[in-house]
Amino acid sequence: MDDDDRRIWQIAVGLGLPDPTGPGSLASEEIHPIALILEGSAHRIRGVNRIPCYTEFGQVSEIDNLAERLQGDAYDPATVPVECTLTVYIADDELDELLPVIMEDLGIDQGGYSAAAGRTVTLGLRDISSRSEPNGVYQGLIDQHESQSGLD
């Protein structure tokens, strides 16, 4: 497979407002269980560590940035929705294989309820490669893929 076919994608699982305590709270240092499921999904489609990826948990940055600017001193982070994201360096056919696996692993039904999250979630897909901003943060995924390719 030609590496020119690969792009950096981010799959976002919107979880609503942060939990007051536990791994879904903003103060927690625990790995969010949904982040672990997302990483496991990536390992399922090609094997462990074959799809370069990483996960994150935090506030939805676009909403957080807007809320902070609009609300100023009245800004309360607990009023901003949170999400778990899986960022991958992947080809389109692999992405098409990964997305249904994520849906299955999260146990998402037609109404958007996730059995794994115990609540209704939203899903989003961001094409990070198409952004005009520097993507040096994501270079590690590309480097990981290239080092794995040398081992095959």
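How far apart should the ends of the 15 residues of H3 lie at 1.5 Å a residue, and how far apart are its end C-alpha atoms?

## Helix H3

The expected span is 21 Å, and the end C-alpha atoms of H3 are 21 Å apart, which agrees. That expectation is 1.5 Å times one less than the number of residues. Helices (H or I, at least four residues) and strands (E, at least two) are DSSP runs, numbered from the N terminus.

This is a predicted model: local features need pLDDT of at least 70, side-chain atom pairs count only at pLDDT 80 or more, and totals for chains, interfaces and linings use all residues. Residues are numbered from 1 along each chain as its sequence is written, and side-chain values use heavy atoms, with hydrogens and water left out.

## Two sides of H3

Glu94, Leu95, Leu98, Val101, Ile102 and Leu106 are buried in H3 (under 20% relative accessible area; exposed is over 50%, partly exposed in between; 1.4 Å probe, protein chains only). Seen down the helix axis, the buried residues of H3 fall within an arc of 130°, so they line one face; the arc is taken from the directions from the axis to the C-beta atoms. Asp96 and Glu104, on the other side, are exposed. After H3 comes Gly107, with a positive phi near 60°.

## The nonpolar core

The largest nonpolar core (buried Ala, Val, Leu, Ile, Met, Phe, Trp, Tyr and Cys residues joined through side-chain atoms within 4.5 Å) has 23 residues. Leu38, Leu86, Val88, Ile90 and Leu98 have the most contacts inside it. At least two core residues come from each of E1 (6-16), H1 (33-46), E3 (82-91) and H3 (92-106).

Val88 touches (heavy atoms within 4.5 Å) residues including Trp9, Ile51 and Leu98, not counting those up to four places away in sequence.
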